[in-house]
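Biologist: Please take a close look at one part of this model and walk me through it residue by residue. I would like to know what sits there and what surrounds it.

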Amino acid sequence: MALPAENTMRTAISKRDATYDGRFYYGVVTTGVFCRPSCAARPALPENLRFFASTADALAAGFRPCKRCKPVNPSADLDRLIAVARYIDAHADETLTLAMLADNAGLSVSRLQRTFKAAFGISPKAYQDAQRVRRFKQALKKGDDVTEATYSAGFGSSSRVYGRAANNMGMTPSAYRKGGAGETISYAYRRSALGPLLMAATDKGVCFVQFGDSKAALTEQLANEFPQAVIEKSRAEKSPELDAWLAQLDAHLGEGQPRPDLPIDLRGTAFQMQVWRYLLSVPEGSVVSYSEVASGIGKPKAVRAAASACAANRVGVLIPCHRVLRGDGGIGGYRWGVERKRTLLDNERSRSARSI
Ligand SMILES: [Zn+2]
């Protein structure tokens, strides 16, 4: 829900205009309280006002409801519900269950679910998601890279944040910071042995190799990752190398030909680039764990961030993030599906076994 124009909101507050009640809420930073536009409270200094589209947003920003104008539906449980919200704020990066929250608050699960939603308009789960997205945006604005922002916001993995943040921000996290402004990216598509495959390149090298459900979904994915770039379909006469590269890659996937050694236009944060370069050094037929990747780049404690950088790889197969397994040897995740990861690893194992 979009907020009215700021001037309109300021006028509504100064006139205590009840026709705006429910259309927005305002918080006063000096008191930590949020109100309806019609609240009879003493006017606050204009610079101390913050505006919110919903009570949940105001709550998530740390404000509590005004006792005078009662911007949330009065409930006997209100104090407990606010305490639940604050608990979620403090633990937004963890997996929280309703049972756990209800237990802390001394309420039954069904009562918590019902009264929280009645008071703030969303479920505790949706509130936690909103809080994460909020932090994620803040972290990005502060200049954190996407990987750090992902973790400080409590999203478990980049692939999850890609989906969710894209829904909430209208663009992907990397696009939020970069976006390929002023560049031309050509792409080529084919149905490979492992499904629909799209490769794209700048004039510096391959910047995108991804599997997807369809050509349309893949070109959309590409446009989402480079929203500022001019994206054009490769015409063989214009970039014959791209079509040839894609054919080589497909021959690698389907016929066991060697993996083509192509120029790669790596673009990411300094940390991501370190991880991806390390991955390029992992030979075919061998695998490493996420903690080995972290140690390998000299940051043994950054295991989660290393995993996240692997998950953020935009150049599949050529940057072999599929060669990274969980510490216990489990297959771990893969941005393009665990089945594809397994197939890639099986193919590489049998190829390297043959070559011995
Ligand atoms: Zn008030």
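**The annotated cysteines**

Modeller: Beyond its neighbours within four places in sequence, Cys35 is in contact (heavy atoms within 4.5 Å) with Tyr25, Tyr26, Cys66, Cys69 and Pro71. This is a predicted model, in which local features need pLDDT of at least 70 and side-chain atom pairs count only at pLDDT 80 or more, while totals for chains, interfaces and linings use all residues. Residues are numbered from 1 along each chain as its sequence is written, and side-chain values use heavy atoms, with hydrogens and water left out.

Cys35 belongs to a group that an unreviewed UniProt entry annotates as "binding site": Cys35, Cys39, Cys66 and Cys69. These cysteines span 35 residues in sequence, but no two of their C-alpha atoms are more than 8.7 Å apart, so they gather at one spot. The UniProt positions are in the numbering used here, feature names are shortened, and such annotations may be inferred rather than shown by experiment.

Cys35 is in strand β2, residues 33-35. Strands (E, at least two residues) and helices (H or I, at least four) are DSSP runs, numbered from the N terminus. Cys39 lies in the loop between β2 and β3 (49-52). Leaving out residues up to four places away in sequence, Cys39 touches Arg16, Tyr26, Cys66, Arg68 and Cys69. Tyr26, Cys66 and Cys69 thus appear in the contacts of Cys35 and also in those of Cys39.

Relative accessible area is computed with a 1.4 Å probe on protein chains only; under 20% is buried, over 50% exposed, and in between partly exposed. Cys35 has 4% relative accessibility and therefore counts as buried. Cys39, at 2%, is buried too.

Lys70 follows in the loop between β4 (64-65) and α3 (78-90). Lys70 counts as partly exposed because its relative accessibility is 43%. Its phi is near 45°, a positive value in a residue other than glycine. Most residues other than glycine have a negative phi.

For comparison, Val317 also has a positive phi, of about 65°, although it is not a glycine. Val317 lies in the loop between α14 (303-311) and β10 (324-325). At 0% relative accessibility, Val317 counts as buried.
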